[in-house]
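Welcome! Here is a short guided walk through a protein model, taken one region at a time. Keep the picture in view as you read.

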Amino acid sequence: MNPMKLPPLNALRVFVAAAEHLSFTRAATSLHLTQGAVSRHVQTLEEFYGTSLFIRQARGLALTAEGEALVKPARDAFQLLHEASEMLRLRQSGLRVRIPPTPAMRWVLPNLPDFQTRYPEYTLHLITQLIHDKPFNRAEYDLAIIGMARPEVSTDMRIECICREKLVPVCSPALLEGPHPLRTPEDLQYHTLLHPWRDQDVWDRWLKLAGVNSLNSESGVTFDALEYALHAAAAGMGVTLAQVSMVNDDIQRGRLVIPFDTVLETEWAYYLMYSHEMAQQPKIRAFRDWLIATLERSEAISRSM
């Protein structure tokens, strides 16, 4: 026997079943084969090893010493193969997406039923992080949605711009009424400015764009993520700047309003990032195409409001 040559796997699989049942008949039933086919597979394996693996007895089968030595390693090998195959199958059907909390809450989760209907073969795993990993962590996720001012040049990564940042002020409808209703940008002096991100000057830039110079743009309350600022705004705590495409549902349901139509377009954008080697995988193409189509619909709704 050539020591580098593997035994016939079908014959080995039949041998394991026969060894578990100690019966060719019961093994044949479990494998949906005929008894004769089981017998031939076992004979093939015995010829491969040059030794008998079973003792044929009137009342059934018994393993020889050689059969006893083979059955456990063979069973363990098939179990390992099954586990590896299952892991690979799950890896191909699972799609791991690294995404900041607000895009997850505003873009993906509300539209997740649509993705599941269109692509039931994929299981989406959302990994929310505020800070982008450097470098891209392929062991943890398949693709990432990242907000940044300028994409970094990479030879092995594909980086696509999926949404430019366009900021508008939003607040609770209650702020349009009361003792200091929001009618002009100057009326913001009577309300709390909600800052959706730390260390950013977007309120200062928006106020200048709106022609307001008398207001302290650094006053108010600062948050770590836009999602928190949006919840505060909906509760009537003040006014925040928000990405237009992320507030469509709140606007349509009346939880938020856009009091002024001045739009601040910044150098910031959201990018979809994944490796070149993953680019042609069906699950990557499916999510990429679905997300872009979803954002295009959201942009169309924003323009119509």
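## Two loops between helices

Leu-22 sits in the loop between helix H1 (9-21) and helix H2 (24-31). The model you are looking at is a predicted one. The backbone angle phi of Leu-22 is near 50°, a positive value in a residue other than glycine. Is Leu-22 buried or partly exposed? With a relative accessible area of 35%, Leu-22 is partly exposed.

Moving along the chain, His-32 is found in the loop between H2 and helix H3 (35-49). Phi is positive here too, near 60°, and His-32 is again a residue other than glycine. His-32 counts as exposed, because its relative accessibility is 74% and the cut-off for that label is over 50%.

## The annotated domain

Both of these loops belong to a stretch of chain that has a database label. In the UniProt record, an unreviewed entry, the annotation "domain: HTH lysR-type" covers residues 7-64. Over residues 7-64 the model has 62% helix and 14% strand. The C-alpha atoms at the two ends of this stretch are 18 Å apart.

## An open sheet of eight strands

Now turn to the sheet. Which order do its strands follow? Eight strands make up an open sheet, in the order S4-S3-S5-S10-S6-S9-S7-S8, and the pairing is mixed. Strand S4 (123-128) and strand S8 (221-222) stand at the edges. Each of these two has a single partner strand, so one side of each is left without a neighbour in the sheet.

Strand S3 (residues 94-99) is a good place to look at the pairing in detail. S3 and S4 run parallel and are joined by six bridges. Across from Arg-98 stands Ile-127 in S4, while the bridge partner of Val-97 in S4 is Leu-126. S3 also pairs with strand S5 (residues 143-148), in the parallel sense and over two bridges. There, Arg-98 stands opposite Ala-144 in S5. How many of the six residues of S3 are buried? Five of them are, and S3 is mostly covered.

## Helices against the sheet

Two helices can be followed next, beginning with H7. Helix H7 (residues 202-209) packs on the sheet and touches strand S6 (157-170), strand S7 (193-195), strand S9 (239-243) and strand S10 (264-275). The direction of H7 makes about 135° with that of S10. Helix H8 (residues 226-234) lies across S6, S7 and S9, and runs at about 135° to S9.

## A buried arginine and its contacts

Arg-106 is part of helix H5 (residues 101-108). Its relative accessible area is 17%, so Arg-106 is buried, the cut-off for that label being under 20%. What does the side chain of Arg-106 reach at 3.5 Å? It reaches the backbone oxygen of Met-246. Leaving out residues up to four places away in sequence, Arg-106 touches Glu-227, Leu-230, Met-246 and Asp-250.

One of those contacts, Asp-250, is placed in helix H9 (residues 248-252). Asp-250 counts as buried, at 5% relative accessibility. Setting aside its neighbours within four places in sequence, Asp-250 is in contact with Arg-106, Arg-255 and Leu-256.

## Aromatic rings

A pair of aromatic rings is described by the distance of the centres and the angle of the planes. The model has 11 aromatic pairs. One of them joins Trp-107 and Tyr-270: the pair is edge-to-face, with 5.2 Å centre to centre and 75° between the planes. Trp-107 lies in helix H5 and Tyr-270 in strand S10, so the pair ties together parts that are 163 residues apart in sequence. Trp-107 is buried, with a relative accessible area of 1%, and Tyr-270 is buried as well, at 8%.

In the pair formed by Phe-115 and Tyr-119, the ring centres are 5.3 Å apart and the planes stand at 45°, so this pair is tilted. Phe-115 counts as buried at 1% relative accessibility, whereas Tyr-119 counts as partly exposed at 22%. Phe-115 and Tyr-119 also belong to one aromatic cluster, together with Tyr-122, Phe-287 and Trp-290.

Conventions:
Residues are numbered from 1 along each chain as its sequence is written. This is a predicted model: local features need pLDDT of at least 70, side-chain atom pairs count only at pLDDT 80 or more; totals for chains, interfaces and linings use all residues. Side-chain values use heavy atoms; hydrogens and water are left out. UniProt positions are given in the numbering used here, feature names are shortened, and annotations may be inferred rather than shown by experiment. Helices (H or I, at least four residues) and strands (E, at least two) are DSSP runs, numbered from the N terminus. Two strands pair if DSSP finds at least two bridges between them. Contact means heavy atoms within 4.5 Å. Axes are lines fitted to C-alpha atoms, for helices over the stretch in contact, and angles run from 0 to 180 degrees between N-to-C directions. Buried means under 20% relative accessible area, exposed over 50%, partly exposed in between (1.4 Å probe, protein chains only). A polar contact is a pair of N or O atoms within 3.5 Å; within protein, one must be able to donate a hydrogen and the other to accept it, and residues adjacent in sequence count only if both atoms are side-chain atoms. Rings of Phe, Tyr and Trp (its six-membered ring) pair if their centres lie within 6.5 Å; planes under 30 degrees apart count as stacked, over 60 as edge-to-face and the rest as tilted.
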